[in-house]
Amino acid sequence: MKSQRHTDYSWLLGLTDTAPQLGAATYRFTPATGAVHIVEDSLAQPNGIALAPDNRTVYISDTGHDEAADLSSSSSSSGAAFNASISIRTVYAYDLSPHSTYLTNKRPFYRAQEGVPDGLKVAANG
């Protein structure tokens, strides 16, 4: 069973006594139909989300914190080791189909060596 992770900061900071009703995930909302679908639920704490200018790539940052992980010892920042890594403190790129309800081809795009990626933007020229 997947553990429940929450990104509701008001709950985490003790500003509310109402626990989050849903675990951390990234959702796709279709205004025309009102449909809501989970498109990504494997990240510890999805934070930033942005689309490439061509609307074919979506980027999602994972600012998750795992006290048991020693990420400072990771020295790989390129090549096969980086591309095979799946961890917190990473911005992931996904392929986006305009008419589907899921993301495909998850791949690490950037891994923070210090701190965490907190939100993100994509330049107009991609």
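The exercises below deal with the fold, sheet and surface of a predicted model.

In this model, local features need pLDDT of at least 70, side-chain atom pairs count only at pLDDT 80 or more, and totals for chains, interfaces and linings use all residues. Residues are numbered from 1 along each chain as its sequence is written, and side-chain values use heavy atoms, with hydrogens and water left out.

**Exercise 1.** State the secondary structure elements of the protein and their order.

Solution. Take helices as DSSP runs of H or I with at least four residues, and strands as E runs of at least two, numbered from the N terminus. The protein then has two helices and six strands. Read from the N terminus, the order is α-β-β-β-β-α-β-β.

**Exercise 2.** Work out which strands lie at the edges of the four-strand sheet.

Solution. Two strands pair if DSSP finds at least two bridges between them. The open sheet has the order S3-S4-S5-S6, with antiparallel pairing. Strand S3 (46-51) and strand S6 (103-111) each have a single partner strand, so one side of each has no neighbour in the sheet. Inside the order, S4 (residues 57-62) and S5 (residues 90-96) are joined by six bridges. Thr57 stands opposite Asp95 in S5.

**Exercise 3.** Describe burial and exposed area in the protein.

Solution. Count a residue as buried under 20% relative accessible area, exposed over 50%, and partly exposed in between (1.4 Å probe, protein chains only). Of the 126 residues, 31% are buried. The protein exposes about 8300 Å², by the Shrake-Rupley method with a 1.4 Å probe. Carbon and sulfur atoms supply 53% of that area.
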